[in-house]
Amino acid sequence: RLFVDAAAEGDQMGCINDYRGIREEPNALYCGIWVNGWPRVVVVAVEQLAPGDEVLTDYGDEWWEDFQALQRAAAPVAARG
């Protein structure tokens, strides 16, 4: 798996959120493409977006499983203060 931490590296794509809890379906998809022999990730809108609309994708079940595992692992550390 490949993870990109938008806090350390990235651009406006770090502002894209998961659609869960906000709307029924994502309004954009991540797509993998190749540019000059290098892999790239692009975001493609699946509907017309107006200025100010939030771009929402599906992070995927694996992302949420990993996120929950990290929260469980961090809970004992946070409890110690």
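These exercises work through a predicted model of one protein chain.

**Exercise 1. Fold outline and confidence**

Task: Establish how many helices and strands the protein chain has, and in what pattern they follow.

Solution.
Step 1. Count the elements. The protein chain has 1 helix and 4 strands.
Step 2. Read along the sequence. The pattern is β-β-β-β-α.
Step 3. Check the confidence. The mean pLDDT of the chain is 85, and 81% of its residues reach 70 or more.
Step 4. Look at the elements. Helix α1, residues 61–80, has the lowest mean pLDDT among them, 83. Strand β4 has the highest, 95.
Step 5. Keep a caution in hand. Where pLDDT is low, predicted coordinates should not be read in detail.

**Exercise 2. The β2–β3 hairpin**

Task: Find the sense in which β2 and β3 pair, and identify the residue in their hairpin that takes a positive phi.

Solution.
Step 1. Locate the strands. β2 covers residues 28–35, and β3 covers residues 38–45.
Step 2. Determine the sense. The two strands pair antiparallel, over 8 bridges.
Step 3. Check one position. Ala 28 stands opposite Ala 45 in β3.
Step 4. Go to the turn. The hairpin has 2 residues between its strands, and Asn 36 takes a positive phi near 50°.
Step 5. Set this against the general rule. Most residues other than glycine have a negative phi. Asn 36 is not a glycine, yet its phi is positive, about 50°.
Step 6. Add the surroundings. Asn 36 sits in the loop between β2 and β3. Its relative accessibility is 75%, so Asn 36 counts as exposed, the cut-off being over 50%.

**Exercise 3. Thr 57**

Task: Decide whether Thr 57 is buried or exposed, then list what Thr 57 touches.

Solution.
Step 1. Place the residue. Thr 57 belongs to strand β4, residues 56–57.
Step 2. Apply the cut-off. Buried means under 20% relative accessible area. Thr 57 has 1%, so Thr 57 is buried.
Step 3. Put that in context. Of the 81 residues of the chain, 11% count as buried.
Step 4. Find the polar partner. The side chain of Thr 57 makes a polar contact with the side chain of Tyr 30, at 3.5 Å.
Step 5. List the contacts, leaving out residues up to four places away in sequence. Thr 57 touches Ile 16, Asn 17, Asp 18, Tyr 19, Pro 26, Ala 28, Leu 29, Tyr 30 and Val 43.
Step 6. Widen the view to the chain. Among contacts between residues at least 6 apart in sequence, 58% join residues at least 24 apart.

**Exercise 4. Aromatic rings of α1**

Task: Classify the ring pairs Trp 63 with Phe 67 and Trp 64 with Phe 67.

Solution.
Step 1. Start with the total. The structure holds 5 aromatic pairs.
Step 2. Take Trp 63 and Phe 67. Their centres are 5.1 Å apart and their planes differ by 10°, a stacked pair.
Step 3. Note the spacing. Both lie in helix α1, 4 residues apart, about one turn of the helix.
Step 4. Take Trp 64 and Phe 67. Their ring centres are 5.8 Å apart and their planes are at 85°, so this pair is edge-to-face. These two also lie in α1, 3 residues apart.
Step 5. Read the accessibilities. Trp 63 is at 30%, Phe 67 at 33% and Trp 64 at 26%. Partly exposed is the class for Trp 63, for Phe 67 and for Trp 64.
Step 6. Join the rings. Tyr 59, Trp 63, Trp 64 and Phe 67 form one aromatic cluster.

Note on methods:
Residues are numbered from 1 along each chain as its sequence is written. This is a predicted model: local features need pLDDT of at least 70, side-chain atom pairs count only at pLDDT 80 or more; totals for chains, interfaces and linings use all residues. Side-chain values use heavy atoms; hydrogens and water are left out. Two strands pair if DSSP finds at least two bridges between them. Buried means under 20% relative accessible area, exposed over 50%, partly exposed in between (1.4 Å probe, protein chains only). A polar contact is a pair of N or O atoms within 3.5 Å; within protein, one must be able to donate a hydrogen and the other to accept it, and residues adjacent in sequence count only if both atoms are side-chain atoms. Contact means heavy atoms within 4.5 Å. pLDDT is the predictor's confidence in each residue, from 0 to 100. Rings of Phe, Tyr and Trp (its six-membered ring) pair if their centres lie within 6.5 Å; planes under 30 degrees apart count as stacked, over 60 as edge-to-face and the rest as tilted.
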